Amino acid sequence: MVTEHVAGKNRGTVMLYALSTCGWCARTKDLLKELGVAFDFTFVDLLEGKEQDEAMDQVEKWNPKGSFPTLVIDNRKSIVGFQEREIREEFCA
Amino acid sequence: MNGKSTSETDLDRVYLSLKNEAEDGGYRFNPDVEFTKNLIRGLLKNEQRYGYRACPCRLASGKRADDLDIICPCDYRDPDLDDFGACYCALYVSAAIALGEKQVVPVPERRPPRSLRKSGGAVQMVSAVQAPVFSLPVWRCKVCGYLCAREQPPGICPICKVTKDRFERFA
């Protein structure tokens, strides 16, 4: 799966599943950058065929609705949607 | 020259025409113009890659029949406006949000998950129609609820402008 890395403070594995066209995905990405957290992201709509299916399986594992953005933190929890307060609390603590 | 690229001029044109269309039908656009234009950019990108304006905030399959419910305006816009004051993307918002009296909140996904959509494409919301009681079939726009009694649904919904294939038999 094609992922891109954004450098920052190490807070465990932070993976953002996003769509390249989605406004709330963009806001989530900007918020993570503002918080200075190291994270990886992938634009699932830009993946093709099997790779996209595999990414969707990952998303659905954490978020059965398969919606975006889905943020998976350290393989222990997920935050679905642009939940600004929840994301801030997660990384400001 | 106004310094804008062709695609930016296109974007402004589509933005204005969709906004006017929405307002003519009693709907409202998100007052955050930059955010809204970004969503329209997504719609235009989807039109280019899929051939139809699939929701920019959902993953489209690329098959129109499977994505009918998420072609903008989507089948979920009106219930989301009722319950949350915004559609899933927050392209369309309630009067209170348009006037700045309330803020947009994240809208949970209402569309059924992939596993429940697989058979028969977009989810059929109405069961088989019983024996007709009217002299003409009644068609319902799945996006805005507009009803009309005629042999076939209209080519374009006169209220929300979606295409004929977004209508279902109502009675």
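Which residue is the bridge partner of V14(A) in strand 4 of chain A? Here are my notes on this one, starting from there.

1. First, a reminder that we are looking at a predicted model. As for the opening question, V14(A) has I73(A) as its bridge partner in strand 4 of chain A. That bridge belongs to an antiparallel pairing between strand 2 of chain A and strand 4 (residues 70–73) of chain A, with four bridges in total.

2. Strand 2 of chain A also pairs with strand 3 (residues 39–43) of chain A, and here the two run parallel, again with four bridges. Within this pairing, L16(A) sits opposite F41(A) of strand 3. Strand 2, helix 1 and strand 3 of chain A form a β-α-β unit, and its hand is right.

3. Is strand 2 of chain A buried or exposed? Five of the five residues in this strand (residues 14–18) are buried, so the rest of the structure largely encloses it. The cover extends to both faces: V14(A), L16(A) and A18(A) are buried on one side, while M15(A) and Y17(A) are buried on the other.

4. The strand turns up again in the largest nonpolar core, which has 48 residues. The residues with the most contacts inside this core are L16(A), Y17(A), A18(A) and L19(A) from chain A, along with C55(B), C57(B) and C89(B) from chain B. At least two core residues come from each of strand 2, helix 1, strand 3, helix 2 (49–62) and strand 4 of chain A, and likewise from each of helix 2 and strand 2 (92–93) of chain B. Strand 2 of chain A gives the most, with five residues. As background, nonpolar side chains tend to be buried together in soluble globular proteins.

5. C89(B) is a good residue to click on. Setting aside its neighbours within four places in sequence, C89(B) is in contact with L39(B), C55(B), P56(B) and C57(B), and also with G23(A) from the other chain. Apart from the 48-residue core lies another one, of eight residues, including V143(B), C144(B), C160(B) and V162(B).

6. How many residues of chain A are in contact with chain B? There are 17, and they meet 14 residues of chain B. On the chain A side, helix 1 (residues 23–35) gives the most, with three residues. By class, that side has nine nonpolar, six polar and two charged residues.

7. Turning to chain B, there are six helices and five strands, and from the N terminus on their order is α-β-α-α-α-β-α-α-β-β-β. Of the 171 residues in chain B, 32% are buried. Looking at contacts in chain B between residues at least 6 apart in sequence, 44% join residues at least 24 apart.

8. Chain B is divided into domain 1 (6–117) and domain 2 (124–171), with C-alpha centres 22 Å apart. Seven residues of domain 1 are in contact with ten residues of domain 2. On the domain 1 side of this contact, the residues divide into two nonpolar, one polar and four charged.

9. One last residue for your viewer is Q48(B), in helix 2 (residues 33–50) of chain B. Why does Q48(B) count as exposed? Because Q48(B) has 9 C-beta neighbours inside 10 Å, and the cut-off for exposed is 12 or fewer. From Q48(B) to V105(B), the C-alpha to C-alpha distance is 30 Å, with their positions 57 residues apart in sequence.

How values were computed:
Residues are numbered from 1 along each chain as its sequence is written. Chains are lettered from A and ligands numbered from 1 in the order in which they are written. This is a predicted model: local features need pLDDT of at least 70, side-chain atom pairs count only at pLDDT 80 or more; totals for chains, interfaces and linings use all residues. Two residues are in contact if their C-beta atoms, placed from the backbone, lie within 7 Å. Ala, Val, Leu, Ile, Met, Phe, Trp, Tyr, Cys and Pro count as nonpolar, Asp, Glu, Lys and Arg as charged, and the others, Gly among them, as polar. A residue is buried if 20 or more other C-beta atoms lie within 10 Å of its own, exposed if 12 or fewer, and partly exposed in between; C-beta atoms are placed from the backbone. Two strands pair if DSSP finds at least two bridges between them. A crossover is right-handed if, with the strands pointing away from the viewer, the path from the first strand over the helix to the second runs clockwise. Domain bounds come from an automatic or database domain assignment. A nonpolar core is a set of buried Ala, Val, Leu, Ile, Met, Phe, Trp, Tyr and Cys residues joined through C-beta atoms within 7 Å.
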